[in-house]
Amino acid sequence: MVAFALSIVVTVALVGAILAYAKRRPVGTPVTWGEAMFGSMIVFFAMFWVYGVVPHQWLTWADNELNWRTDKLFVGPGGIFRAQAQGGSFPFTITYVVIRDILASGIYVVGVGAQVWLWMVWQNRGKAAEAVELSSFGRPLVREGSEA
């Protein structure tokens, strides 16, 4: 539990550091060789951490401390996922290993989404939203897409 929680804390710290640097870095400033190497090292480490360490720590925690095995069946609240083979109405058997693997896959999906979001934040830094004149009712005075 401690290792998985610490891996999440390190992930949040990495994302926070990248966001803080993105706010500070001026757009269009030339990048030196050293800055490029350091940035690539940080990005490589973040990807290694999110796609390697965090899922590994989750799988280790689920296997060892939570004791999610193939012989431990998931029946859900009130037995709504009890399989037909065990006298329930659900059409197939779900074990805790399946739940563990689905959650591990979810870690990868969240990681890819966060990575794309961070790319968007980095690419759109310094761009100010266009100020649209509003009426006294809070509506724009010019329709979107029309020439003024």
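**A walk from α3 into the core**

Start by selecting α3: this helix has 28 residues and runs 41 Å from its first C-alpha to its last, close to the 40 Å expected at 1.5 Å a residue. Keep in mind as you go that this is a predicted model.

Next, show side chains along α3. Which of them are buried? Pick out Tyr96, Val97, Arg100, Ala104, Ile107, Gly111, Gln115 and Leu118. The buried residues of α3 pack against α1 and α2, so bring those two helices into view. An α-helix has 3.6 residues a turn, so residues three or four places apart point the same way.

Now turn to the α2–α3 pair. Their axes come within 10 Å and cross at roughly 160°. An angle over 145 degrees counts as roughly antiparallel, so that is how α2 and α3 lie relative to each other. To see the contact, select Met47, Val50, Tyr51, Val54, Pro55, Trp58, Leu59, Ala62 and Asp63 on α2, then Arg100, Asp101, Leu103, Ala104, Ile107, Tyr108, Gly111, Val112 and Gln115 on α3. The crossing of α2 past α3 is right-handed.

From here, move into the largest nonpolar core, which has 16 residues. Colour Phe4, Trp49, Val54, Trp58, Trp68 and Ile107, the members that touch the most others. α1 (2–24), α2 (33–64) and α3 (96–123) each give two or more residues to this core, and α2 supplies the largest share, with seven.

Last stop: zoom in on Phe4. What does this phenylalanine contact, leaving aside its neighbours within four places in sequence? You should find Val54, Gln57, Trp58, Trp61 and Ile107.

Note on methods: Residues are numbered from 1 along each chain as its sequence is written. This is a predicted model: local features need pLDDT of at least 70, side-chain atom pairs count only at pLDDT 80 or more; totals for chains, interfaces and linings use all residues. Side-chain values use heavy atoms; hydrogens and water are left out. A nonpolar core is a set of buried Ala, Val, Leu, Ile, Met, Phe, Trp, Tyr and Cys residues joined through side-chain atoms within 4.5 Å. Buried means under 20% relative accessible area, exposed over 50%, partly exposed in between (1.4 Å probe, protein chains only). Helices (H or I, at least four residues) and strands (E, at least two) are DSSP runs, numbered from the N terminus. Contact means heavy atoms within 4.5 Å. The expected span of a helix is 1.5 Å times one less than its number of residues. Axes are lines fitted to C-alpha atoms, for helices over the stretch in contact, and angles run from 0 to 180 degrees between N-to-C directions. Angles under 35 degrees count as roughly parallel, over 145 as roughly antiparallel, 65 to 115 as roughly perpendicular and the rest as oblique. A crossing is left-handed if the near helix is turned anticlockwise from the far one by less than a right angle, and right-handed if clockwise.
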